[in-house]
Amino acid sequence: MARSKVAVSLDEQILQRLDGLVEEAVFPNRSQAIEVAVQEKLARLDQGRLARECAKLDPDFEKALAEEGFAEDAAAWPTY
């Protein structure tokens with residue numbers, strides 16, 4: 001995957017914590033630590049968006065839609 005360089009300004013306390021994680025070998029370097037942090041934040045935002053969209057669904061309508069035509073299909077199933 002192609003990589004691009006970006007300049008990031010961070011609060012001094014955040015930078016100190018970030019450097020501490022690099023010193024403790026949690027991350028190999030600042031860039032990797034920031035990349036992982038951004039990936040995790042984007043994933044949480046995606047999950048939140050999915051949850052918000054799911055909350056908009058009407059459970060009764062979704063159930064009726066899922067069961068639509070089910071009775072006809074069930075009659076055609078072989079008995080076991």
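What follows is a chat about confidence, salt bridges and pockets in a predicted model.

Trainee: Before I trust this thing, what's the mean pLDDT of the chain?
Mentor: This is a predicted model, and the chain averages a pLDDT of 87, with 91% of its residues at 70 or more.

Trainee: And where is confidence lowest, and where highest?
Mentor: Helix α4, residues 70-76, is the low spot with a mean of 67. The high end is α1, at 97.

Trainee: OK, switching to charges. How many salt bridges does a search of the whole structure find?
Mentor: Two. In one of them, the side chains of Arg 3 and Glu 35 meet at 2.9 Å, N to O. That pair joins distant parts of the chain, since Arg 3 sits in the segment before α1 while Glu 35 belongs to helix α2, 32 residues apart.

Trainee: Is Arg 3 buried or exposed?
Mentor: Exposed, with 64% relative accessible area. Its partner Glu 35 is at 27%, so Glu 35 counts as partly exposed.

Trainee: Which side chain does Arg 30 meet in a salt bridge?
Mentor: Asp 19, at 2.7 Å from N to O. Arg 30 is in helix α2 and Asp 19 in helix α1, so this bridge ties together parts 11 residues apart in sequence.

Trainee: How exposed are those two, Arg 30 and Asp 19?
Mentor: Arg 30 is partly exposed at 40% relative accessible area. Asp 19 has 22%, and because buried means under 20%, Asp 19 also counts as partly exposed.

Trainee: Pockets now. What volume does the largest one have?
Mentor: About 440 Å³. It's lined by 14 residues, and the closest to its centre are Arg 3, Ser 4, Val 6, Ser 31 and Glu 35. Arg 3 and Glu 35 are the salt-bridge pair we talked about.

Trainee: What's the class mix in that lining?
Mentor: Six nonpolar, five polar and three charged residues.

Trainee: And the second largest pocket, what's its volume?
Mentor: That one comes to about 300 Å³. Of its 13 lining residues, Ile 14, Leu 18, Ala 33, Ile 34 and Ala 37 are closest to the centre.

Trainee: Which elements give two or more residues to that lining?
Mentor: α1 (12-23) and α2 (30-55). The most comes from α2, which gives six residues.

Trainee: How many polar residues are in the lining of that second largest pocket?
Mentor: None. By class, the lining of the second largest pocket has 11 nonpolar and two charged residues, with no polar ones.

Terms used: Residues numbered from 1 in each chain as written. Predicted model: local features only at pLDDT ≥ 70, side-chain atom pairs only at ≥ 80, totals over all residues. Heavy atoms only, no water. 1 Å grid on protein atoms, 1.4 Å probe; cavity = no way out; pocket = protein on both sides within 12 Å on 5 of 7 lines; lining within 4 Å. Points joined across faces, edges and corners; volume = space filled by probe spheres on them. Nonpolar A, V, L, I, M, F, W, Y, C, P; charged D, E, K, R; others polar. Helix = DSSP H or I, 4+ residues; strand = E, 2+ residues; numbered from the N terminus. pLDDT = per-residue confidence, 0-100. Salt bridge = Lys/Arg side-chain N within 4 Å of Asp/Glu carboxyl O. Buried < 20%, exposed > 50% of the residue type's maximum accessible area, 1.4 Å probe, protein only.
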